[in-house]
Amino acid sequence: MTQIAPSTALLGREMCVFIDGAWRAGHGDQIVSVDPSTGQRIAEFQGARPEDVAVAAEAATRAFGTWRRLPSTQRAVFLRGFAEGLRRRKDDLIQLQMLNNGKPRIEAEIDVDDAAATFDYYADLAETLDARQDGAVELPDPTLRGRTRFEPVGPVALIVPWNFPMVTTAWKLAPALAVGCTAVLKPSEFTTPAELVYGDIALEIGLPAGVLNILPGAGAVGGAMTTEPRFRKISFTGSNATGRRVMAAAAERSVPVSLELGGKSPIVILDDADVAQAVEIAALGIFFNAGQMCSATSRMILSDRIADDVIAGLRRHVAGMVVAGHQDPRAEMGPLTTAAQRDKVLEYLLRARHDGLDCLTGGASTGPQSGSFVEPTVYLDVPTDHAIWREEIFGPVLAIRRVSSDDEALALANDNDFGLAATVVGGARAEDMASQIDAGHVWVNSPQIIFPNTAWGGFKASGIGRELGPWGLAAYSGVKHVTSRA
């Protein structure tokens with residue numbers, strides 16, 4: 001097995017199913033964690049079974065009655081405990097993200113910091129929740145008085161993806177716990193080890209049994225979670241195909257869902273943009289995490305007045321990038337996290353070659369044959385009906401089209417099934433462009449920085465609901481109005 005000290009302390013577990021405050025041996029399918037830089041196995045363990053979902057749901061249901069009544073200031077203490085627990089393990093978790101996800105060190109550091117900051121943010125909000133309850137509502141009848149409460153929806157099912165382990169979990173788990181929900185978490189079977197740290201921290205901080213339960217496993221476990229009658233809400237992040245199945249299952253019971261799904265996000269570069277800044281922002285938007293982001297700005301809409309300079313800058317930038325695994329401290333982009341995802345991306349590149357697209361750079365696999373590496377790839381003048389332009393590839397593949405006006409740029413930016421994110425680079429007109437793009441989060445002259453107090457979610461086929469910020473709390477809360485005799 002590959003050994004990278006000290007993260008191996010988080011590998012080699014005999015028990016990885018966390019239910020009702022205790023680790024248990026798994027009796028489900030075998031889960032194999034792989035180092036995508038080398039293709040070597042780094043951990044193997046038995047995951048949960050679909051039958052374990054009912055056991056975990058029962059534990060979460062029992063715990064809910066007590067957890068919801070705990071003063072919100074006390075729940076805040078537990079949330080801060082999660083933040084501190086992540087920070088104490090920061091070095092190990094960075095190594096683990098590099099080893100299991102293939103992330104360069106700087107990206108792995110950002111992940112751990114973001115997860116901890118999310119728990120801190122919701123701890124701050126939790127400290128004031130009880131004080132904001134029972135707000136007065138003026139009624140037209142003077143003999144009556146009204147007040148409003150915000151109640152936790154109940155035990156919730158959280159299903160998270162493999163591209164940002166720990167982070168996506170924090171975005172769901174922290175607000176759910178803050179408002180008084182209990183949770184059953186299903187991490188991805190591809191990146192399970194980092195997610196198990198939440199069970200370790202729960203024990204360390206004395207989180208009441210059943211408040212958090214963790215069921216590692218593949219699709220059958222997630223499927224059982226969507227149909228379990230004790231869950232009062234399902235929160236899912238992942239592909240649109242799976243999201244449709246989650247939504248259909250929830251519809252059978254008429255329970256609410258939050259869905260954070262796909263994207264094919266535009267980056268609009270106006271004619272008055274700073275070329276160097278545009279190149280840097282564009283490269284980060286598509287090559288960060290090897291393009292494995294639902295927010296990846298994979299469609300560049302470029303003013304033809306500065307197109308030649310931007311394209312030349314991109315070529316130089318890509319030529320200078322270090323694409324390597326965790327063994328190379330100079331790595332700027334790592335491998336794709338799974339071999340299956342690499343193969344999916346390579347199918348798109350093969351199709352582009354067959355269709356004669358103009359490839360500026362890249363277009364093939366790279367690095368060790370045993371690893372899941374794909375070259376940073378840029379295509380020029382991609383037809384708007386081509387899959388490279390329209391479909392979410394989830395890899396380091398950028399498609400470029402040149403435009404001659406802001407109106408043309410805006411129309412092209414909004415001509416897509418998705419509406420998750422966007423970036424605009426330019427001068428005085430950039431803010432107006434950002435206001436007109438159909439996307440849930442737009443960056444203007446900025447890389448994709450996401451703070452816990454901002455909103456995350458999209459329009460159109462990019463999902464339902466919002467995460468982060470006060471909207472994250474609202475996602476796990478129900479509004480109760482009480483009318484009484486004055």
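Is the crossing of H3 and H4 left-handed or right-handed? Right-handed, as it turns out. Some notes on that and a few other spots follow; bear in mind that this is a predicted model.

1. Let's begin with the helix pair. H3 covers residues 90–101 and H4 covers residues 105–129; they pack with their axes 8 Å apart, at an angle of about 125 degrees. That angle falls outside the 65 to 115 range for roughly perpendicular and is not over 145, the mark for roughly antiparallel, so H3 and H4 count as oblique to each other.

2. Who makes that contact? On the H3 side the residues are Lys 90, Leu 93, Ile 94, Gln 95, Gln 97 and Met 98, while H4 brings in Arg 105, Ala 108, Glu 109, Asp 111, Val 112 and Asp 113. Sorted by class, the contact of H3 with H4 has five nonpolar, five charged and two polar residues.

3. Next, the sheet. Seven strands make up an open sheet with mixed pairing, and the order to follow on screen is E14-E15-E16-E13-E12-E18-E19. E14 (358–361) and E19 (441–444) are the edge strands, each pairing on one side only. From one strand to the next, the twist averages 25 degrees.

4. Within that sheet, have a look at E12, residues 266–269. Both of its faces are covered: Pro 266 and Val 268 point to one side, Ile 267 and Ile 269 to the other, and all of these are buried. E12 runs parallel to E13 (residues 299–303), and four bridges join the two strands. If you want a landmark for the register, Ile 269 stands opposite Leu 302 in E13.

5. Another pair in the sheet is E15 (residues 377–380) with E16 (residues 397–403). These strands are also parallel, joined by three bridges. Here the register can be read from Thr 377, whose bridge partner in E16 is Val 397.

6. Last, a single residue: Thr 168, which sits in helix H5 (residues 167–179). Is Thr 168 buried or exposed? Its relative accessibility is 8%, and the cut-off for buried is under 20%, so Thr 168 counts as buried. Leaving aside residues up to four places away in sequence, Thr 168 touches Val 160, Pro 161 and Thr 237.

Definitions and conventions. Residues are numbered from 1 along each chain as its sequence is written. This is a predicted model: local features need pLDDT of at least 70, side-chain atom pairs count only at pLDDT 80 or more; totals for chains, interfaces and linings use all residues. Side-chain values use heavy atoms; hydrogens and water are left out. Axes are lines fitted to C-alpha atoms, for helices over the stretch in contact, and angles run from 0 to 180 degrees between N-to-C directions. Angles under 35 degrees count as roughly parallel, over 145 as roughly antiparallel, 65 to 115 as roughly perpendicular and the rest as oblique. A crossing is left-handed if the near helix is turned anticlockwise from the far one by less than a right angle, and right-handed if clockwise. Contact means heavy atoms within 4.5 Å. Ala, Val, Leu, Ile, Met, Phe, Trp, Tyr, Cys and Pro count as nonpolar, Asp, Glu, Lys and Arg as charged, and the others, Gly among them, as polar. Buried means under 20% relative accessible area, exposed over 50%, partly exposed in between (1.4 Å probe, protein chains only). Two strands pair if DSSP finds at least two bridges between them.
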